[in-house]
Amino acid sequence: MSEYFRDIGSGITTILTGMGITLRHFFNAVKRKGDAGIDEDNYFSQVDGLVTLQYPREAIPTPEIGRYRLYNDIDDCIGCNQCARACPIDCIAIETIKVTKDDLAVCGKTSGGQQKRFWVPVFDIDVAQCMTCGICSAVCPTECLYHTQVSDFSEFSRDNLIYHFGNLTKLEAESKRKKLEEEKKSAPAPKPKPKPKPAPEAGSDKDSM
Amino acid sequence: MQELEKAEYSSVRVTPKGEDRVIIEKDLSSEEMILNMGPQHPSTHGVLRLECKTDGEVVIEAEPYLGYLHRCFEKHAEMVDYPGVVPFVDRMDYLASMNNDFAFCIAVEKLLDIEIPRRVEFIRVIVSELNRIASHLVAIGTYAIDLGAFTPFLFCFRDREHILNLLEWTSGARMLYNYILIGGVAYDLPQGFKKRTLEFVKYFRPKALELQKLLTENEIFVKRTKGIGMMPAEVAINYGWSGPMLRGSGVDWDLRKEDAYSIYPELDFKVCVPDGKSSDIGDSLSRHLVRAMEMEQSLDIVEQCLEMMPEEEGFDPKAAIPKRIRPKAGEVYGRAENPRGELGFYIQSDGKSTKPLRCKARSSCFVNLSAMKELSLGQLIPDLVAIIGSIDIVLGEVDR
Amino acid sequence: MEDTQENMPQSSEVIAAGKVWHVLREKFGDAISELDENPFMPFFEVRQTERWREIALYMRDSASLRFNYMACLSGVDYPEEEMLGIVCNLESLGHHGHKIAVKVKCDRNGGTIPSVAKVWKTAEWHEREAFDMYGMIFSGHPDPRRILCPEDWEGYPLRKDYQVQETYHGIKVPN
Amino acid sequence: MNASLNTWSDALSELYLFGLPIGLVIIAAVPLVFIALYALTYGVYGERKISAFMQDRLGPMEVGKWGILQTLADILKLLQKEDIVNKSADKFLFVIGPGVLFVGSFLAFAVLPFGPAFIGADLNVGLFYAIGIVALEVVGILAAGWGSNNKWALYGAIRSVAQIVSYEIPAAIAILCGAMMAGTLSMQQFNLLQQGEYGFIHFFLFQNPIAWLPFIIYFIASLAETNRAPFDIPEAESELVAGYFTEYTGMKFAVIFLAEYGSMFMVSAIISIVFLGGWNSPLPNIGPLALNDWTTGPVWGAFWIVMKGFFFIFIQMWLRWTLPRLRVDQLMHLCWKVLTPFAFVAFVLIAVWEIYVK
Amino acid sequence: MGLLDANISKHNVLVTSVDNVLNWARLSSLWPMGFGLACCAIEMMATNASNYDLERFGIFPRSSPRQSDLMIVAGTVTMKMAERVVRLYEQMPEPRYVLSMGSCSNCGGPYWKHGYHVLKGVDRIIPVDVYVPGCPPRPESLIGGLLKIQELVRMEQIGISRAEALKKLQEKSIDPGQLIQDARQGVEAS
């Protein structure tokens with residue numbers, strides 16, 4: 001019998017405690033936590049009150065190292081194919097054409113001053129597949145492939161999620177390929193490769209000629 | 001050959017408070033009904049499916065069906081090289097990616113036999129303990145939803161958001177971090193991380209207390225969970241339970257103490273075992289209490305680590321990462337304490353390839369869930385929900 | 001697989017495993033193989049597969065062993081040896097604290113391994129999983145069904161020679 | 001006195017324009033407009049906002065200023081949705097279920113006095129009618145749950161029936177305590193008896209030292225009758241998907257939704273009439289400050305009863321967003337082993353007080 | 001809307017303004033089905049939770065498919081699950097929308113290559129309206145995706161199909177991302 005009344009008693013007290021907590025939150029609803037980023041000093045300055053951020057209008061900033069949309073700065077890309085090989089899910093497709101000697105100047109240098117030796121007619125990233133693990137950007141020697149902080153880029157069509165970063169049109173690529181063939185014919189001894197040896201399981205890349 | 005004595009297991013069905021249980025009256029015979037719970041059901045925490053045979057509200061038998069989220073982790077582990085496995089490991093127990101990575105890296109590092117810089121160990125422990133808190137917050141929050149309380153769930157997620165922000169600041173992703181790499185971590189801690197984390201600890205302690213008052217001490221919550229889903233310690237061990245589930249049954253067993261991996265032996269924390277006063281040892285409430293207590297312990301660990309962590313200027317957390325990860329031939333079973341229990345990786349390497357020959361993940365939820373059939377015998381449907389919630393499954397880890 | 005012999009001092013784990021192995025060797029003789037004393041995971045192999053359940057029961061109930069906790073049971077494929085196998089990581093939790101791993105192998109085509117699902121309840125689902133992934137039969141298993149893949153799935157996915165099926169219920173499977 | 005107060009109603013009921021009973025229409029329209037406004041917008045909207053603030057969120061914001069058009073949009077959308085009737089459903093029961101539920105919950109508004117003048121029908125058994133007709137919902141819920149031919153819906157319906165029928169008993173006894181204090185069952189009489197210049201002092205809750213007990217018992221029981229948390233087991237989302245209305249789509253679902261809010265207001269109105277003076281102003285006359293007199297009148301009456309109703313609705317929401325859900329057997333335990341005995345005790349004590357002390 | 005399709009001519013003034021109201025109602029109260037599959041489900045829950053609070057847009061999850069307008073496929077769809085996804089989709093009343101959240105449901109994502117048991121894109125079994133990339137998408141991305149769904153609903157009319165609405169949307173090319181950017185810049189400026 002005593003347990004019966006104790007249960008009723010504790011039931012009432014705990015329910016009232018709980019209601020007190022929710023009521024306190026209800027009255028705290030006039031305060032709002034701001035949109036300070038985690039790296040700002042006032043991040044924890046407001047601990048009570050509403051925490052909702054009205055996203056399209058306000059958002060807390062994404063940290064600098066945030067890994068979201070994958071972006072390739074094709075001007076800096078040397079077509080080394082390391083990212084495609086490192087990607088655990090093969091969401092990067094690269095085709096490269098070796099630059100002929102006379103074109104080296106046209107092809108230009110990376111911002112780091114490295115001579116680019118490959119045209120990259122196809123550099124497709126399927127961001128719909130990408131799992132933002134960051135392995136590709138870690139291996140990139142010129143740091144041209146990186147994840148941006150942009151995360152909101154939904155699309156109506158799946159095809160729009162395949163990003164093309166290639167720096168040549170199809171026609172241009174065709175002509176470059178022809179040019180390379182000609183040069184090869186004229187100079188039979190191939191030069192040593194300017195990049196690390198590809199692993200045997202490297203995919204359909206055409207750079208290992 | 002002698003068979004296992006069934007009598008040992010009959011204790012599962014007995015609950016100490018007999019009066020609360022529903023006794024099926026035999027003269028009121030009713031038809032059994034097959035009730036299909038899931039895979040899309042609010043309380044199955046994902047895509048678990050339970051086929052329940054019910055008699056009125058009483059579940060006579062509940063058979064779990066898995067595989068609705070079977071994502072072929074083990075196949076992928078055999079197909080991609082060691083660093084590439086880590087993102088897939090992340091996606092196994094998606095609530096505690098850091099801890100998953102930690103367990104996997106421990107296993108591979110055992111095989112590689114490499115020395116980890118001391119600061120890296122500290123960073124790993126800090127992030128995985130933070131993630132443990134986040135994971136337990138989800139567990140507690142969804143448990144509250146299962147029992148019908150919506151507000152604690154949102155409070156849990158609100159506090160979890162701070163942890164996610166901290167971890168995103170550190171690792172660059174919100175949930176699936178790929179941060180703990182084999183032999184190191186991806187980035188050093190950001191500037192001001194220590195200060196912010198200490199602020200978080202200061203912020204979180206009163207919030208945890210509030211959560212306790214709002215949910216854990218609530219009489220209705222206690223009534224719903226106390227004495228439900230009893231699991232005696234012996235049976236729990238035989239089922240292979242681990243983590244908070246096993247500790248809820250009163251077994252003082254924590255891999256952080258037992259295996260003493262990383263820098264845990266240097267830290268001062270206690271293994272949380274229910275005291276048996278507010279709950280019956282082995283019931284759903286005990287498991288919930290263990291989780292709540294572990295959050296406190298994790299806060300302590302984080303504080304200690306931040307104190308003890310060696311500060312190094314220009315520290316390169318990737319320094320110890322081998323250029324090419326190709327372990328020598330051998331087998332290893334490495335494990336770590338996940339928020340849900342023991343997460344072990346059995347890895348076989350042939351010494352030639354950069355890919356594991358075999359990588360089996362011993363997932364804690366998978367093992368914990370296997371007791372579901374026995375736990376659900378003769379329970380009411382609401383209790384069934386309470387039991388599933390207390391097991392705290394993550395289907396990604398169950399099905400892998 | 002090839003054993004790697006290291007010239008390093010044996011860890012306490014290996015020494016404890018050695019003691020366990022001696023107890024078992026005395027009891028079962030040649031039914032179990034030599035202990036592989038690798039530092040990460042000392043293991044022995046059960047040579048007489050059909051005695052595996054007996055050994056398991058002894059390991060669980062013998063007062064000096066008390067392997068009451070099965071941490072993991074992994075199915076393994078050995079294509080060169082034409083064998084399938086399981087690796088069990090056992091531990092005496094709360095009693096002695098020692099660990100050991102046990103390997104059991106069976107023939108690749110239609111081989112059977114005695115089920116230990118009733119010795120360690122953990123094994124029940126793990127064995128179902130091993131069956132699901134590799135297709136070895138566990139004799140005496142209380143519920144021998146697939147667990148992760150659908151009942152009507154073709155093939156055993158983790159075998160090294162697995163070919164994925166083209167369609168499943170009219171849905172294209174490969175990419 | 002009785003006749004004079006209802007002059008407005010009487011006058012209206014005799015108002016004929018162009019041979020049409022316009023007055024009668026107006027009498028019916030006043031509560032209906034209120035219901036529409038309340039149930040369509042402020043009931044649901046209020047719940048969403050209140051729950052949001054309790055949970056540190058903002059709640060509806062984007063649909064109209066501060067989201068005030070949210071419920072309107074919901075209803076408009078539900079109107080447009082495809083109306084699915086299961087192939088295997090019992091079509092008659094499936095269709096009739098929401099209707100009965102809706103009618104049951106809104107029929108009771110007929111005897112609800114919205115002021116000294118506005119009352120649909122001043123029955124001499126008004127209270128009896130009100131608590132009786134609210135229980136009609138059970139039929140609707142059972143029809144909906146059974147007709148859906150869905151196991152979850154059936155569970156919800158059976159639970160709901162068991163729950164509502166059980167909780168009728170403590171609720172009725174608690175209300176009986178109030179009726180004993182008043183000596184009448186007429187809703188309008190209840191209000192009149194609690195009128196007085198000292199405002200809240202005249203309310204039955206403060207007229208009797210034990211009155212708080214039936215008051216609390218009725219409040220708890222009314223939560224269960226309207227399937228509100230912590231007694232929302234018939235629609236327990238985590239257990240039964242959506243309870244007895246799992247299979248309902250579109251407008252039928254909207255009707256069920258509105259019926260729930262309608263009965264929420266109904267029980268709140270009943271409790272405020274029986275124990276808290278209905279449309280009487282709670283403010284007392286303090287010397288020259290004749291607060292009570294100033295705040296009494298037909299319009300004020302409607303204001304007070306609606307405010308009192310809203311107050312209880314707020315408490316209902318407050319409880320809902322605080323507490324976990326009870327289990328089925330605990331619910332019955334609470335009803336039969338806690339509330340009913342206490343209701344009887346309250347009944348006896350109030351009877352003793354009314355006969356010997358007062 | 002078969003009957004209406006046939007009888008009401010396009011660009012009718014009355015129909016257009018009625019359309020606007022009806023579309024406004026639909027886009028203001030998109031009720032998704034609380035349908036969590038994997039990792040993304042947690043981010044979906046986080047979006048529903050206090051910090052991002054989808055209820056601001058009138059989006060609040062229903063657990064029964066019968067009462068939902070929108071299916072957020074949040075996570076990996078496996079072969080075993082595929083038939084159930086289709087069934088759930090079929091249980092939803094028209095007009096219904098599908099938002100594919102995360103890499104896995106877009107195209108199998110990380111499990112694209114070796115995932116023998118993973119469905120390579122939920123659009124193989126049900127029509128998808130909006131793809132939200134990310135693994136898992138941030139709550140912001142999910143909200144962005146939902147805003148896209150709202151844009152799509154706004155473009156729909158009695159008498160034109162969803163494909164046409166999509167085309168129209170492309171012609172008008174209201175980019176919610178741009179709107180969002182503008183709004184954010186506006187706030188920053190003020």
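**Loops, helix pairs and chain contacts**

D:Asp56 is placed in the loop that runs between α3 and α4 (70-80) of chain D, in a structure that is a predicted model. The backbone at D:Asp56 has a positive phi of about 60 degrees, although this residue is not a glycine. For a first reading of such values, it helps to recall that most residues other than glycine have a negative phi, and that most peptide bonds are trans. D:Asp56 also counts as buried, because 26 C-beta neighbours lie inside 10 Å, where 20 or more are required.

A positive phi in a residue other than glycine is also found at A:Thr132, where the value is near 45 degrees. A:Thr132 belongs to the loop between β3 (118-126) and α4 (135-139) of chain A, and this residue is buried, since 28 other C-beta atoms are found within 10 Å. In chain E, the peptide bond that joins E:Cys135 and E:Pro136 is cis, with omega at about -10 degrees, and E:Pro136 lies in the loop between β4 and α6 of that chain.

The surroundings of a further loop residue, A:Ile89, bring two chains into view. A:Ile89 sits in the loop between α2 (82-86) and β2 (92-98) of chain A and is buried, because 26 other C-beta atoms lie within 10 Å. When neighbours within four places in sequence are left aside, A:Ile89 is in contact with A:Gln129 and A:Met131 in chain A, and with E:Pro110, E:Trp112 and E:Lys113 in chain E. Along the chain, A:Ile89 and A:Gln129 are 40 residues apart, yet their C-alpha atoms are separated by 7.9 Å.

As to the contact between chain E and chain A as a whole, 35 residues are taken from chain E and 26 residues from chain A. On the side of chain E that touches chain A, the elements that give two or more residues are α5 (102-107), β4 (130-132), α6 (139-155) and α8 (176-189) of chain E. Among these, α6(E) gives the most, with 7 residues. Divided by class, this side of chain E has 16 nonpolar, 10 polar and 9 charged residues.

Chain A is also touched by chain D, in a contact that takes 12 residues from chain D and 14 residues from chain A. Here the elements of chain D that give two or more residues are α3 (22-54) and α15 (298-320), and the side of chain D that touches chain A has 9 nonpolar, 1 polar and 2 charged residues.

Chain D itself has 16 helices and 2 strands, and 56% of its 358 residues count as buried. Of the contacts in chain D with a separation of 6 or more, 77% are accounted for by residues 24 or more positions apart. Within this chain, helix α5 (residues 91-107) packs with α13(D) at an angle of about 20 degrees, the axes being 8 Å apart; because angles under 35 degrees count as roughly parallel, α5(D) and α13(D) are roughly parallel to each other. The crossing of α5(D) past α13(D) is left-handed. In this pairing, D:Pro98, D:Leu101, D:Phe102, D:Ser105 and D:Phe106 of α5(D) meet residues of α13(D) that include D:Val255, D:Ile256, D:Ala259 and D:Met266, and the residues of the contact divide into 9 nonpolar, 3 polar and 1 charged.

A helix pair in chain B offers a second case. The axes of helix α5 (residues 118-146) and helix α6 (residues 151-171) of chain B come within 8 Å and cross at roughly 160 degrees; because angles over 145 degrees count as roughly antiparallel, α5(B) is roughly antiparallel to α6(B). α5(B) passes α6(B) in a left-handed crossing, and their contact has 17 nonpolar, 4 polar and 2 charged residues.

In soluble globular proteins, nonpolar side chains tend to be buried together. The largest nonpolar core of the model has 387 residues, of which B:Ala236, D:Ala174 and E:Leu99 touch the most other members. The largest share of this core, 19 residues, is provided by helix α13 (residues 250-276) of chain D. Beyond its neighbours within four places in sequence, B:Ala236 is in contact with B:Met231, B:Trp241, B:Met245, B:Leu246, B:Ser249 and B:Val251.

Methods: Residues numbered from 1 in each chain as written. Chains lettered and ligands numbered in written order. Predicted model: local features only at pLDDT ≥ 70, side-chain atom pairs only at ≥ 80, totals over all residues. Contact = placed C-beta atoms within 7 Å. Helix = DSSP H or I, 4+ residues; strand = E, 2+ residues; numbered from the N terminus. Nonpolar A, V, L, I, M, F, W, Y, C, P; charged D, E, K, R; others polar. Core = buried A, V, L, I, M, F, W, Y, C linked by C-beta atoms within 7 Å. Buried ≥ 20, exposed ≤ 12 C-beta atoms within 10 Å, placed from the backbone. Axes fitted to C-alpha atoms, helices over the stretch in contact; angles between N-to-C directions. Parallel < 35°, antiparallel > 145°, perpendicular 65-115°, else oblique. Left-handed = near helix turned anticlockwise from the far one by under 90°.
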